[in-house]
Amino acid sequence: MTLCISLSARPSNNGTRFHNHLYGQLELNWIYKAFAPTNLEQAIAGVRGLGIRGCAISMPYKEDVIALVDEMDPSAKAIDSVNTIVNTGGRLKAYNTDYTAIEQLLATNSVPTSYSVLVQGAGGMAKATVAALRDAGFTDVTVITRNEATGRALADQYGFGWRAALDGGTADLIINVTPLGMAGGPEADTVSFPPEAIDAARLVFDVVALPAETPLIRAARAAGKPVITGAEVATIQALEQFVLYTGVRPSTEQVRAAEEFMRAQ
């Protein structure tokens with residue numbers, strides 16, 4: 001049996017259910033488990049030493065893990081952020097499928113590149129989001145984060161603006177890439193943008209995947225705004241991880257069944 005795992009400060013069942021359901025459909029003798037590591041360096045050493053084939057990396061480890069791998073794929077190296085590790089004979093190669101997910105969702109939702117954008121957050125997922133926005137052709141983007149050093153560095157890297165706080169600011173597209181609204185966290189009930197920003201937005205995007213209906217997404221729906229959810233991000237990035245681990249690309253029907261199973265928890 002082949003083992004794949006995920007490492008996160010707050011493990012969820014999303015990836016576990018998605019991957020294991022696909023293993024079952026495709027009759028693969030694989031299994032996927034989620035862990036909250038007490039020591040990241042030791043956890044990655046375990047991936048290498050135990051022959052664990054794949055390892056998904058979630059907040060807050062997407063940057064810290066860089067020093068622990070052998071090779072960075074361009075998808076991860078370009079943004080200095082990792083969400084996937086593939087172990088081939090003890091050699092660990094890092095990838096980033098978050099970028100792929102954001103890129104695809106901007107395209108499939110036909111989001112106009114003329115939209116002004118506010119992005120809250122400056123961690124690994126925010127890097128993937130801002131990079132995808134830049135590469136898609138967005139030019140009016142502002143990164144919002146209280147930490148000036150990380151926020152300004154991220155904004156400057158992609159030629160965008162930085163602000164320490166929203167301070168009444170609005171935009172056509174608002175994106176939450178912070179843990180605000182994440183299930184199990186101290187701010188699980190927090191709406192990550194104020195009502196005036198939601199009301200002014202033409203599209204609301206929350207990258208938080210658990211719960212699928214975050215406080216921000218619920219508030220946006222109540223205001224009649226179109227939304228992109230973190231659950232959609234989770235499905236795409238998990239699918240691309242599955243392909244990297246197994247070398248098999250499931251059919252659209254198989255992915256849809258796994259997605260429905262993942263969300264029915």
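Helices and strands here are DSSP runs, a helix having at least four residues and a strand at least two, numbered from the N terminus. By that rule, Gly49 belongs to helix α2, which covers residues 40–49. The model is predicted. It contains an open sheet of six strands with mixed pairing, and six strands also form an open sheet in which the pairing is parallel. This briefing takes the mixed sheet, then the parallel sheet, then two single residues and a pocket.

**The mixed sheet**

- The strand order in this sheet is β2-β1-β3-β5-β6-β4.
- Its edges are β2 (30–35) and β4 (71–72), and each has a single partner strand, so one side of each is left without a neighbour in the sheet.
- At one edge, strand β1 (residues 2–7) runs parallel to β2, and six bridges join the two.
- Within this pair, Ser6 stands opposite Ala34 in β2.
- Helix α1, made of residues 14–25, lies across β1 and β2 and runs at about 175 degrees to β2.
- At the other edge, β4 is joined by two bridges to strand β6 (residues 91–95), and the two run parallel.
- Met72 stands opposite Ala94 in β6.
- Strand β6 also pairs with strand β5 (residues 84–88), in the antiparallel sense and over five bridges.
- In that pair, Thr84 is set opposite Tyr95 in β6.
- The hairpin of β5 and β6 has two residues between the strands, and Gly89 there takes a positive phi near 60 degrees.
- As background, strands of a sheet pair through backbone hydrogen bonds, either parallel or antiparallel.

**The parallel sheet**

- Here the strands follow the order β9-β8-β7-β10-β11-β12.
- The edge strands are β9 (161–163) and β12 (227–228); each has a single partner strand, so one side of each lacks a neighbour in the sheet.
- Strand β8 (residues 141–144) pairs with β9 in the parallel sense over three bridges.
- Val143 is the residue that stands opposite Trp162 in β9.
- Helix α6 (residues 148–157) packs on the sheet and touches β8 and β9, with its direction at about 160 degrees to that of β9.

**Gly49 and Asp172**

- Gly49 in helix α2 has 67% relative accessibility and counts as exposed because the cut-off for that class is over 50%.
- The C-alpha atom of Gly49 is separated by 7.1 Å from that of Gly90, although the two residues are 41 residues apart along the chain.
- Asp172 is placed in the loop between β9 and β10 (173–176).
- With a relative accessible area of 18%, Asp172 is buried, since buried means under 20%.
- Leaving aside residues up to four places away in sequence, Asp172 touches Ser114, Tyr115, Ser116, Ala201, Arg202 and Leu203.

**The second largest pocket**

- The second largest pocket holds about 190 Å³ of space.
- Its lining is made up of 13 residues, and those nearest its centre are Thr235, Thr252, Val255, Arg256 and Glu259.
- Helices α9 (230–246) and α10 (252–263) each supply at least two residues of this lining.
- Helix α10 gives the most to the lining of this pocket, with five residues.
- By type, the lining of the second largest pocket divides into five nonpolar, three polar and five charged residues.

Conventions. Residues are numbered from 1 along each chain as its sequence is written. This is a predicted model: local features need pLDDT of at least 70, side-chain atom pairs count only at pLDDT 80 or more; totals for chains, interfaces and linings use all residues. Side-chain values use heavy atoms; hydrogens and water are left out. Two strands pair if DSSP finds at least two bridges between them. Contact means heavy atoms within 4.5 Å. Axes are lines fitted to C-alpha atoms, for helices over the stretch in contact, and angles run from 0 to 180 degrees between N-to-C directions. Buried means under 20% relative accessible area, exposed over 50%, partly exposed in between (1.4 Å probe, protein chains only). On a 1 Å grid over the protein atoms alone, a cavity is a set of points where a 1.4 Å probe fits but cannot get out, and a pocket is an open set with protein on both sides within 12 Å along at least five of seven lines; lining residues have an atom within 4 Å of a point. Grid points are joined across faces, edges and corners, and a volume is the space filled by probe spheres set on the points. Ala, Val, Leu, Ile, Met, Phe, Trp, Tyr, Cys and Pro count as nonpolar, Asp, Glu, Lys and Arg as charged, and the others, Gly among them, as polar.
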